[in-house]
Amino acid sequence: MTYSVAVSGASGYAGGEILRLLAGHPDIEIRTVTAHSNAGQPLIEHQPHLRSLAHLTLQDTTPAILAGHDIVFLALPHGQSGQYTDALGDTPLVIDAGADHRLTSQDAWDAFYGGAFHEPWSYGVPELLVDGTKQRSHLVGARRIAAPGCNASTVSLSLAPGVAAGVIDPSDIVAVLAVGPSGAGKSAKTNLLASEILGSANPYAVGGTHRHIPEIRQALAAASGVADDRIRISFTPVLVPMSRGILATVTAPIVEGTSDAQIRAAWQDAYGDETFVQLLPEGHFPRTADVLGANTALMGLAIDRAANRVTIVTAVDNLVKGTAGAAVQSMNIALGLPEGTALSTNGVAP
């Protein structure tokens, strides 16, 4: 069976990456692409790397144009998806790459986003531990999927095995992320100009203000059964001069009486059979270059007994495993297709 697809926000980074992956999917026909200010223009003018889709023209983003497809991807700024999802009730599968359907708590939404609150959908991180199983099981047959925030899923995947196994204390988590500016979208902003970023590292959303914090807490609470208010995280992202990629360095205290073998076993047991989340051998740590263009999260683990903390270093491509790849992987599961269809574990080098 071939599924017809519409992609909104197709002129942006996330929409473009969704299209790049879907263009190589044997079961997908990309029928419609939409935008706002760029509507009426050829897609190829905004995504010149997508040569196989040069025949497509960006249409207006309206419920009427998005309707009538088997699958709709929404790659819109936060707070804009809900107005369309409410009108797509007859669409068999809708996948939102924005934040509108990620959070289960309206209080958290109001505190970090504001605006209309929309019902939570199945969370699109298949490998994430949830109540003793994997989120994958909640995606089978799903009709509505919320793709993750790239920073949030990176940190959550880094910590979930240790929190679920009870070998680390989630009340004192520290996460510092080096992040490429493509995660901020394609809109022109002074702080994202090359002249502002090149040769510099720039912290942002410092002091517990980043919007992905409640998403991380929600995911770790689901993984461990620990109450959300017991999960405390100091989260600091830093823009660095690479177009795409996240390198997350995450630490948490070791629970008293836990052995080194128990700690490493928590991550090996969680990810040993996974294709797209891989724990590196002891003493090895990933680079963002190793996952460029891949739907892979690579992580290294160190046990710092002097500080009594576990350190996890995780690298992902924020546009692939962080967003579009997670969305396509979740789509495959929902439709009963092989999970890795159109996705690669191999990066691009040099």
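1. Lining of the largest pocket. In this predicted model, 41 residues line the largest pocket, and those nearest its centre are Pro77, His78, Gly183, Ala184 and Gly185. Two elements, helix 1 (13–22) and helix 7 (150–165), give two or more residues each to this lining. Helix 1 supplies the largest share, 3 residues.

2. Volume and chemical class of the largest pocket. The volume of the largest pocket comes to about 1,100 Å³. Sorted by class, its lining holds 22 polar, 15 nonpolar and 4 charged residues.

3. The second largest pocket. The space in the second largest pocket is about 330 Å³. Its lining consists of 18 residues, with Tyr13, Ser182, Gly185, Lys186 and Ser243 nearest the centre. The classes here are 8 polar, 6 nonpolar and 4 charged residues. Gly185 deserves attention when the pockets are inspected: it is listed among the residues nearest the centre of the largest pocket and also among those nearest the centre of the second largest pocket.

4. Salt bridges in general. Side chains of opposite charge can pair when their charged atoms come close. With the criterion of a Lys or Arg side-chain nitrogen within 4 Å of a carboxyl oxygen of Asp or Glu, the model contains 13 salt bridges. The points that follow take up several of them.

5. Glu127 and Lys321. Which parts of the chain does this pair tie together? The side chains of Glu127 and Lys321 form a salt bridge with an N to O distance of 2.9 Å. Glu127 belongs to the loop between strand 6 (122–123) and strand 7 (129–130), whereas Lys321 is in helix 11 (residues 320–335); the pair therefore ties together parts that lie 194 residues apart in sequence. As to solvent exposure, Glu127 and Lys321 are both buried, that is, under 20% relative accessible area.

6. Glu274 and Lys134. A salt bridge also joins Glu274 to Lys134, where the closest N and O atoms are 2.7 Å apart. This pair, too, links distant parts of the chain: Glu274 sits in the loop between helix 10 (260–271) and strand 14 (277–279), and Lys134 in strand 8 (residues 133–134), with the two positions 140 residues apart in sequence. Glu274 is buried, as is Lys134.

7. Glu29 and Arg31. Are the partners of this salt bridge buried or partly exposed? The closest N and O atoms of Glu29 and Arg31 are 3.3 Å apart. Glu29 has a relative accessible area of 37% and is therefore partly exposed; Arg31, at 42%, is likewise partly exposed.

8. A salt-bridge network. Beyond the pairs above, a network of salt bridges links four residues: Glu17, Arg20, Arg244 and Asp317. Glu17 and Arg20 fall within the residue range of helix 1 (13–22).

9. Overall fold and dimensions. The protein chain comprises 11 helices and 16 strands. Its radius of gyration is 19 Å, close to the 20 Å given by the globule rule for 350 residues, so the chain is as compact as a globular protein of that length. The C-alpha trace spans about 60 × 45 × 40 Å along its principal axes.

10. Burial and contacts. Of the 350 residues in the protein chain, 53% are buried. Among contacts with a separation of 6 or more, 71% are between residues 24 or more positions apart. The salt bridge of Glu127 with Lys321, spanning 194 residues, and that of Glu274 with Lys134, spanning 140 residues, are individual examples of pairing between distant parts of the chain.

Terms used: Residues are numbered from 1 along each chain as its sequence is written. This is a predicted model: local features need pLDDT of at least 70, side-chain atom pairs count only at pLDDT 80 or more; totals for chains, interfaces and linings use all residues. Side-chain values use heavy atoms; hydrogens and water are left out. On a 1 Å grid over the protein atoms alone, a cavity is a set of points where a 1.4 Å probe fits but cannot get out, and a pocket is an open set with protein on both sides within 12 Å along at least five of seven lines; lining residues have an atom within 4 Å of a point. Grid points are joined across faces, edges and corners, and a volume is the space filled by probe spheres set on the points. Helices (H or I, at least four residues) and strands (E, at least two) are DSSP runs, numbered from the N terminus. Ala, Val, Leu, Ile, Met, Phe, Trp, Tyr, Cys and Pro count as nonpolar, Asp, Glu, Lys and Arg as charged, and the others, Gly among them, as polar. Buried means under 20% relative accessible area, exposed over 50%, partly exposed in between (1.4 Å probe, protein chains only). The radius of gyration is taken over C-alpha atoms; the globule rule is 2.2 Å times the number of residues to the power 0.38. Contact means heavy atoms within 4.5 Å.
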